[in-house]
Amino acid sequence: MKRLKDFFWLFLIAGVIIYYDGNFLCFGDNTFTWKGDKRNLTTKKIELTNFEETQAILGERDEFLQMVDRKFGCRVVSRGNFIELHGDFSEVSRAEKVILELQKLYRNVGIISIEDVSGVIKLVKTNRSDEMQKIFGETIIVAANGKHIHAKSLGQQNYIEALKKNVVTFGVGAAGTGKTFLAVAMAAYYLRVRGVKKIILTRPAVEAGEKLGFLPGDMQEKVDPYLRPLYDALQEILGFDMYQKFFSRGVIEIAPLAYMRGRTLSDAFIILDEAQNTTSKQMKMFLTRLGFNSRMAITGDLSQIDLPHGVKSGLGEAVEILKGVKGVGICEMDSIDVVRHEIVSKIIDAYDRFDAFMEF
């Protein structure tokens with residue numbers, strides 16, 4: 001009787017195997033599938049060079065590895081100097097491409113940031129991995145903390161090239177596209193190589209939809225809240241001590257836009273931030289301050305204008321008027337160039353769809 005039962009189970013198992021045509025595809029780490037499954041599961045192993053490279057690619061507490069795991073829906077495991085990928089063949093292939101690109105990046109610059117990982121993942125997921133060499137191949141400047149400042153998207157790379165090529169460059173785009181930060185990085189680069197003698201930062205003193213009332217202190221203290229993003233970027237790139245040294249010597253100058261009238265700005269890299277809140281007259285006044293051996297970067301987001309109702313933005317007007325003028329570069333960036341939290345891109349796209357619907 002026992003032998004009869006054994007034969008029964010043997011024939012049952014054989015029948016299942018015949019029915020599925022030998023459909024066991026892979027076993028490993030408690031994972032298996034049938035070829036009859038619509039998924040095509042696979043396992044890939046990537047060998048890293050040494051402990052330092054492995055740690056850089058994994059991130060602190062495997063943070064970078066977990067990002068790859070979440071974004072591609074495959075299991076990512078580190079074992080010594082190896083990274084193993086388990087999951088659907090197409091997703092594993094894309095995750096593998098991310099790891100290999102991060103490996104190249106580490107070998108080029110010796111450090112990987114969370115922004116780098118996010119940028120590489122975004123390029124691979126949008127099937128634009130062929131752009132990586134152009135984007136990550138060039139470092140603008142090495143920050144005080146050792147971080148390599150470079151583009152994170154093709155739009156940002158085009159913006160950097162425009163800043164190098166043109167005397168006046170407009171960077172127009174949504175929040176988080178790196179317009180201001182990259183302009184500050186280029187200003188710091190030109191200062192470091194002595195292409196200019198000073199950096200001048202300015203922006204219109206317009207509140208973002210709310211009245212702050214009377215601000216105490218001298219002029220510098222009054223404009224500080226408006227220029228905080230520029231301060232933060234400069235301190236990150238130059239380091240706090242160098243920033244303070246340059247500031248005390250007048251190498252870095254901060255001034256409200258209203259105080260620009262009558263000046264000629266020579267041997268300087270001038271950045272006008274939040275330019276969407278300039279009026280037409282203010283923009284013309286600012287552009288005509290340009291002196292010899294100077295460069296200008298004008299940044300703004302035309303979807304965040306805080307001017308009184310009916311007042312035209314000087315940024316939008318200038319972009320239209322100066323198109324095609326030699327020496328003037330105009331770069332427009334969109335949500336795909338956003339390097340903040342991934343949900344920021346989705347928020348921007350949602351607002352754009354809403355605005356388009358309301359206009360329709």
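Start by selecting D267: in this predicted model, the residue is partly exposed, with a relative accessible area of 24%. You'll find D267 in the loop between β10 (252–254) and β11 (268–272). Check its backbone too, since phi of D267 is near 50°, a positive value in a residue other than glycine.

Now hop over to E274, in the loop between β11 and α11 (280–287). Here is another non-glycine residue with a positive phi, near 55°. Is E274 buried, partly exposed or exposed? With a relative accessibility of 23%, E274 counts as partly exposed.

Next, pick F269. Ignoring neighbours within four places in sequence, its contacts include L163, A183, M186, A187 and Y190. Add V196, K198, I199 and I200 to your selection, then R295 and A297, and you have the rest of that list.

Zoom out a little to see the core around this residue. The largest nonpolar core has 69 residues, and F269 is one of three, with I83 and I271, that touch the most other members. Which helix gives this core its largest share? Select α8 (residues 179–192), which supplies nine residues. A separate core of 22 residues lies apart from this one; to find it, try M283, F286, M296 and L315, which are among its members. As a rule of thumb, nonpolar side chains in soluble globular proteins tend to be buried together.

Time for a hairpin. Show strands β4 (residues 75–79) and β5 (residues 82–88), which run antiparallel and are joined by five bridges. For one pairing, select R75 in the hairpin and look across to H86 in β5, its bridge partner. Two residues sit between the strands, and G80 in that turn has a positive phi of about 65°.

Follow the chain on to helix α4, residues 89–109. Put a distance line from its first C-alpha to its last: the 21 residues reach 30 Å, close to the 30 Å expected at 1.5 Å a residue. Colour its buried residues, among them V92, A95, V98, I99, L102, L105, Y106 and V109. Don't skip E96, E101 and Q103, which are on the buried list as well. In an α-helix there are 3.6 residues a turn, so residues three or four places apart point the same way. Just after α4, stop at G110, where phi is positive at about 80°.

Last stop: the cysteines. How many disulfides are there? The count comes to zero. Select C74, which is buried at 2% relative accessibility, and then C331, also buried, with a relative accessible area of 10%.

Methods
Residues numbered from 1 in each chain as written. Predicted model: local features only at pLDDT ≥ 70, side-chain atom pairs only at ≥ 80, totals over all residues. Heavy atoms only, no water. Helix = DSSP H or I, 4+ residues; strand = E, 2+ residues; numbered from the N terminus. Expected span 1.5 Å × (residues − 1). Buried < 20%, exposed > 50% of the residue type's maximum accessible area, 1.4 Å probe, protein only. Core = buried A, V, L, I, M, F, W, Y, C linked by side-chain atoms within 4.5 Å. Contact = heavy atoms within 4.5 Å. Pairing = 2+ DSSP bridges. Disulfide = S-S within 2.5 Å.
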